[in-house]
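Me: I have a model open and want to go through it with you. Can we take the empty spaces before the interfaces?

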Amino acid sequence: MGFLDATYAALRLLFSADPELWTIVGVSLSVTLRAMLIAMPVGVGCGYLLATLRFPGRRALIVVIQGLLASPTVVVGLMLYLLLSRQGVFGQLNLLFTQTAMVIGQVLIALPVLIAFSLAAIQGADPRARETAVALGASATRVGWTMLVEVRFALLAAVCNAFGRIVSEIGCSLMVGGNIAGVTRNIPTAIALETSKGDFAQGIALGIVLLVVALGVNSAFAFFQGESRR
Amino acid sequence: MKLLAVTALSKSFRERRLLAIDELSLSAGERYVLTGENGSGKSTLLRILAGIDAPDSGVGHFGKRRFDWSPYPDWLRQEVIYVHQQPYLFHTSVVENIAYGLRARGVEAGERERLVAAAIAWARLGHLLRTPPQKLSGGERQRVALARAWVLAPKVLLLDEPTANLDAESRQQTIDLVQAFCGPETTAVIACHDRDMIALANRRRLHLVDGLIQQNSTPTL
């Protein structure tokens with residue numbers, strides 16, 4: 001099958017309400033959104049604390065987190081696999097090859113991105129913002145919230161970046177999810193599988209969905225950023 | 001009557017001694033003009049008095065209550081307000097900026113709206129309510145910042161060069177607002193180089209030289 005034939009078949013597949021294809025899309029979005037819901041408050045919170053607190057080992061911790069930005073997702077998957085497998089520390093939880101395991105893996109991949117970007121956003125904020133909040137009598141909690149609101153567009157960029165990284169990652173999902181049809185098969189693992197089987201139509205159709213999702217998220221970000229500058 | 005006093009206050013940056021003040025005493029309801037060369041420590045002194053920066057050493061008294069900077073007490077933050085040379089406005093709205101300190105103090109919504117409306121009228125900001133704070137001119141920002149401070153009715157107002165970098169009209173508006181702010185209930189310390197500001201009526205002069213403060217005992221009329 002040529003590229004044009006495969007693309008034509010992919011478009012037909014997309015508009016045919018194929019249950020298998022849309023189940024895969026559903027698994028992908030469900031896992032990634034759950035992972036983001038967990039990772040966002042934790043990552044942004046840790047980024048804020050790292051930006052504002054001073055403690056021994058802080059510099060080293062920042063270097064480690066920045067280093068983890070480039071960690072291969074397959075290595076995260078391997079570590080998680082070892083922890084969740086029968087002989088692993090958390091083997092009794094029977095989480096391996098479940099969506100929960102995929103969510104945990106994606107949280108671990110998203111966290112360094114969210115922490116590092118939030119840290120940079122808060123460190124880059126105008127120091128007068130914090131000083132003004134403090135001078136006006138705000139509590140520590142209110143000062144923190146104010147700072148997050150002031151750098152909200154930089155935080156939104158962090159969220160978009162983390163979302164883009166985990167929605168398209170394959171290494172971890174494949175290792176701890178197992179690519180089980182209807183359960184843990186998400187868009188990236190399905191594309192890899194269909195391509196290896198020579199079924200390019202399904203691969204291209206899923207690739208289009210993935211691109212639309214990624215473009216949609218980034219367009220929304222660009223829209224909000226534009227609104228803020230009006 | 002003495003309202004705010006600091007003793008044995010010192011602050012150094014690296015090897016350079018910036019402040020070495022044996023005693024500084026501010027009386028209730030007085031206005032002070034703080035002068036000194038650039039880099040003489042005027043802003044640093046105001047920031048320390050406001051609890052934004054901490055001195056290397058020093059003890060303070062507010063009325064009869066003693067305080068220090070480890071940490072600067074929350075109750076004192078309710079009494080002392082500091083306004084930057086170039087005020088920072090939050091990326092919300094003019095109204096939300098003015099309401100910020102009231103929210104922080106837990107003032108209930110109805111009372112908050114009433115006070116914010118009064119502050120808007122006081123600073124003549126009515127025509128700017130729909131303008132995003134980041135689009136305001138330097139003079140307009142200064143007026144919003146003064147309204148944001150005024151609405152809290154602080155006992156001590158610390159202004160860091162409020163007329164710096166303003167055009168003539170904005171400068172005069174700011175001077176008028178500062179005059180109106182400094183009533184008998186407010187002790188004001190205004191760091192400045194501005195001749196008109198230095199010449200404000202009924203003010204005392206504080207002059208910083210080599211980290212030491214020279215304090216006039218009588219107001220200039």
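**Cavity, pocket and interfaces**

Reply: Searching the whole structure turns up one cavity of 30 Å³ or more. Keep in mind that this is a predicted model.

Me: How much space lies in the largest cavity?

Reply: About 90 Å³. It has 13 lining residues, and those closest to its centre are A:T132, B:Y82, B:V83, B:H84 and B:R148.

Me: Which elements give two or more residues to that lining?

Reply: Helix 6 of chain A does, along with strand 6 (80–83) and helix 5 (138–150) of chain B.

Me: And the lining of the largest cavity by class?

Reply: Nine residues are nonpolar, two are polar and two are charged.

Me: OK, pockets. What volume does the second largest pocket have?

Reply: The second largest pocket comes to about 310 Å³. It is lined by 14 residues, with A:Y48, A:T52, A:R130, A:V134 and A:V143 the closest to its centre.

Me: Which helices supply at least two residues each there?

Reply: In chain A, helix 2 (19–52), helix 6 (127–135) and helix 7 (140–150). Helix 2 of chain A gives the largest share of that lining, four residues.

Me: How do the residues of the pocket lining divide?

Reply: Into eight nonpolar, four charged and two polar. Helix 6 of chain A turns up in both places: it supplies at least two residues to the pocket lining, and two or more to the lining of the largest cavity.

Me: Step back to chain A. How many helices and strands?

Reply: Chain A has 11 helices and zero strands. Read from the N terminus, its elements go α-α-α-α-α-α-α-α-α-α-α.

Me: What box do the C-alpha atoms of chain A fill?

Reply: Roughly 65 × 50 × 25 Å along the principal axes.

Me: Now the contact between the chains. How many residues does it take from each chain?

Reply: Chain B gives 23 residues and chain A gives 17. Together the two chains bury about 1,700 Å², with 55% of that on carbon and sulfur atoms.

Me: Which three residues of chain B supply the most?

Reply: B:Y88, B:F90 and B:Y100. They account for 32% of the area that chain B buries against chain A, more than any other three residues.

Me: How many salt bridges between chain B and chain A?

Reply: One. The side chains of B:R47 and A:E131 form a salt bridge, 2.7 Å from N to O.

Me: Last topic, chain B itself. What domains is chain B divided into?

Reply: Domain 1 covers 1–79 + 154–169 + 186–221, and domain 2 covers 91–152. Over C-alpha atoms, the centres of these two domains of chain B are 25 Å apart.

Me: How many residues of each domain are in contact?

Reply: Seven residues of domain 1 of chain B touch eight residues of domain 2 of chain B.

Me: And what area do the two domains bury?

Reply: Domain 1 and domain 2 of chain B bury about 530 Å² between them, 58% of it on carbon and sulfur atoms. On the domain 1 side, B:Q78, B:P154 and B:L166 lose the most area, together 63% of what that side buries.

Me: How many salt bridges across that one?

Reply: Zero across the interface of domain 1 and domain 2 of chain B. The count between chain B and chain A, by contrast, is one.

How values were computed. Residues are numbered from 1 along each chain as its sequence is written. Chains are lettered from A and ligands numbered from 1 in the order in which they are written. This is a predicted model: local features need pLDDT of at least 70, side-chain atom pairs count only at pLDDT 80 or more; totals for chains, interfaces and linings use all residues. Side-chain values use heavy atoms; hydrogens and water are left out. On a 1 Å grid over the protein atoms alone, a cavity is a set of points where a 1.4 Å probe fits but cannot get out, and a pocket is an open set with protein on both sides within 12 Å along at least five of seven lines; lining residues have an atom within 4 Å of a point. Grid points are joined across faces, edges and corners, and a volume is the space filled by probe spheres set on the points. Ala, Val, Leu, Ile, Met, Phe, Trp, Tyr, Cys and Pro count as nonpolar, Asp, Glu, Lys and Arg as charged, and the others, Gly among them, as polar. Domain bounds come from an automatic or database domain assignment. Contact means heavy atoms within 4.5 Å. Buried area is the accessible area (1.4 Å probe) that two parts lose on being put together, summed over both. A salt bridge is a side-chain nitrogen of Lys or Arg within 4 Å of a carboxyl oxygen of Asp or Glu.
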